[in-house]
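Colleague: I am new to this model and should like to understand the terms applied to it. Could we take them one at a time?

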Amino acid sequence: MSFRKSFASARAFAFVCFLALSGFLGTTGPGSALTATATVRDGNAVQLGDVTYRLEGIDAPELDQVCIDDHADPWTCGIEARDQLAKLIGKRSVRCDDVGPEKSFGKRHRAICTAEGDKTSLNEQLVKLGYTIAREPAKANVKSAAADAKSTSAGIWKGCFVAPQEFRTGKKDGALLGAACRADRDKEICAVLFPEDLTMPPSCGIKGKLAVRARVTGNIGIYHLRGCPSYPATTKPDRWFCSEDDAQAAGFRKAYNCRRPK
């Protein structure tokens, strides 16, 4: 091999190593960080480039979740949580420090994320505003903010709700949380928090149904896309999803008779 070819090969190899060390190859993992324009997926998830991060240590109401406000009226607390996160970010870029893959859905990563110019993470700010609850175990420092939100009845704490995890699994006998909960009205409250006809959030038309048979594949339910034979027959979905990625992250698998519409 000539000196010129050897030098060119060495230079190309050095350039590839530089890209890898700089993070330009798009790889992420524990200890890595990514700064970019963020797309808000829901109340505790942002997408930077092709990577979706769940904000570490917190859990937000799902987009199709219903809460009760301090006037005993139902309200779309999941959409409000998403909008609060979008408001906190504004048009600023976001830095996410990766702390590892999501345990139940490895395609997503957990991260502590901070908007440009802020000293406090989005994780902590959302908990303090009361639109997310603390989630264990956590590397993010949110315990103090969670205690403050609960004691001051901030955000969803001013009303009555169930933990997002219990809503996701359809656990209707779980603990009721919030300042407006009444033990003598738990049945009426649960009927509001788990309505038979769950309202579809805007642009979230994928239907999810809890199903025992889905446990065979390690899931909790089945989702149905528009155009699938099973879609119109699923008249009372337990969940609504905005994307297949969201459905899979929640533990649902695609219906076997379902194919992506052309």
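Modeller: Let us begin with the word contact, which means heavy atoms within 4.5 Å. Please bear in mind that the model is predicted.

Colleague: What share of the contacts in the protein with a separation of 6 or more comes from residues 24 or more positions apart?

Modeller: Such residues account for 60% of those contacts.

Colleague: Why is Asn123 called buried?

Modeller: Buried requires a relative accessible area under 20%. Asn123 has a relative accessibility of 0%, and therefore counts as buried. Of the 262 residues of the protein, 45% are classed as buried.

Colleague: Where does Asn123 lie, and with which residues is Asn123 in contact, beyond its neighbours within four places in sequence?

Modeller: Asn123 belongs to helix α3, residues 122-129. With those neighbours set aside, its contacts are Leu55, Glu56, Ile58, Ala111, Ile112, Cys113, Ala140 and Val142.

Colleague: What makes strands β1 and β7 a pair?

Modeller: A pair needs at least two bridges between the strands. Five bridges join β1 (residues 33-42) to β7 (residues 93-101), so the requirement is met. The two strands run antiparallel, and Ala36 stands opposite Val94 in β7.

Colleague: How do you know that β7 also pairs with β8?

Modeller: Seven bridges connect β7 to β8 (residues 109-115), so the requirement of at least two is met here too. These strands run antiparallel, and Pro101 has His109 in β8 as its bridge partner.

Colleague: How many helices and strands does the protein have?

Modeller: The protein has seven helices and 13 strands.

Note on methods
Residues numbered from 1 in each chain as written. Predicted model: local features only at pLDDT ≥ 70, side-chain atom pairs only at ≥ 80, totals over all residues. Heavy atoms only, no water. Helix = DSSP H or I, 4+ residues; strand = E, 2+ residues; numbered from the N terminus. Buried < 20%, exposed > 50% of the residue type's maximum accessible area, 1.4 Å probe, protein only.
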